Amino acid sequence: MAGKVVLHGMWASPYSRRVELALKVKGIEYEFVEEDLTSKSEALLRYNPVHKKVPVLVHNGKPIAESLVIIEYIDETWTEGPRLLPQDPFERAKVRFWAGFLQQQLFEAMFPVIKTDGEAQERAVKEVHEKLKVLEEGIKGSYPEGSPFVNGDSVGLLDIVVCSILGSHKVQEEVLGIKFLDPEKYPRVTSWVTALTELPLVKEAAPPHEKMVGLLQFLRARALKSAAA
Ligand SMILES: N[C@@H](CCC(=O)N[C@@H](CS)C(=O)NCC(=O)O)C(=O)O
């Protein structure tokens, strides 16, 4: 399936990056439109009037919003090349379940760690560890042979989502001084994420480390300042 593919995104957005990675895994040519989220383009507001957020994929003029919806659209539209979701309905359900957990539970728990300090941050860190514990056990139960990636033969939706959430753990470690990916505590999750982040395709798709450090420092300083005001 050819056609014109345009992605409205923002270089550091984990949601936008996960769509980029999906396009790269599939080998789909696309044009990237960098959006300034402080001054959204008329096109972005027209394509995503409900949420007014990136990413939006525009395929032959048709807009699709919401990163997970976009990735499923990509997989169903470009059926040639590696599949991002398994064919078997039960396996597919497992992928959707854990992608939902990563997104709604783990990712949501990580924001307060960035925006707080002191006791509030300690509570937030504890919450992230609770979620990582659930993920470690869940992956062990759902994929007893290893991690989802180790079991499969190519990067899929669940790998893409975990990359977008834990792939920049070294940036978080540097800025926050907090280590979440501990191989002693979470051996499966750690080896899964490490194997993925070492793939050339994933490395190439990742934004520069220093630029990400600078952005996280800025976001943290801004959040702490507004909390203190
Ligand atoms: N649920 C959405 C979340 C997208 C999202 O939160 N995008 C952020 C950038 S990381 C955004 O566009 N924010 C602009 C705003 O909130 O005004 C998805 O999965 O695509």
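**Exercise 1. Which residues are around the ligand, and how do they split by class?**

Start with the list for this predicted model: Met10, Ser13, Tyr15, Leu37, Lys52, Lys53, Val54, Pro55, Glu66, Ser67 and Leu68 surround the ligand. Now sort them by class: the shell has six nonpolar, two polar and three charged residues.

**Exercise 2. Work out which residues of helix 3 are buried, and what they pack against**.

Step one: in helix 3 (residues 67-77), pick out the buried positions, which are Ser67, Ile70, Ile71 and Ile74.

Step two: look down the axis of helix 3; the buried residues fall within an arc of 100 degrees, so they line one face. The spacing fits a general rule: an α-helix has 3.6 residues a turn, so residues three or four places apart point the same way.

Step three: check what that buried side meets. Its residues pack against helix 1 (14-26), strand 3 (56-59), strand 4 (62-65) and helix 7 (157-166).

Step four: flip to the face turned away, and you'll find the exposed residues Val69 and Glu76.

**Exercise 3. Take the backbone at Pro55, Asn60 and Glu66: what is notable about each?**

Keep the usual case in mind: most residues other than glycine have a negative phi, and most peptide bonds are trans.

- Pro55 sits in the loop between helix 2 (42-47) and strand 3, and a cis peptide bond, with omega about 5 degrees, joins Val54 to Pro55.
- Asn60, in the loop between strand 3 and strand 4, has a positive phi near 50 degrees. Asn60 is exposed, with 10 other C-beta atoms within 10 Å.
- Glu66, in the loop between strand 4 and helix 3, has a positive phi of about 80 degrees. With 18 C-beta neighbours inside 10 Å, Glu66 is partly exposed.

Notes:
Residues numbered from 1 in each chain as written. Predicted model: local features only at pLDDT ≥ 70, side-chain atom pairs only at ≥ 80, totals over all residues. Near = placed C-beta within 6 Å. Nonpolar A, V, L, I, M, F, W, Y, C, P; charged D, E, K, R; others polar. Buried ≥ 20, exposed ≤ 12 C-beta atoms within 10 Å, placed from the backbone. Helix = DSSP H or I, 4+ residues; strand = E, 2+ residues; numbered from the N terminus. Arc of directions from axis to C-beta. Contact = placed C-beta atoms within 7 Å.
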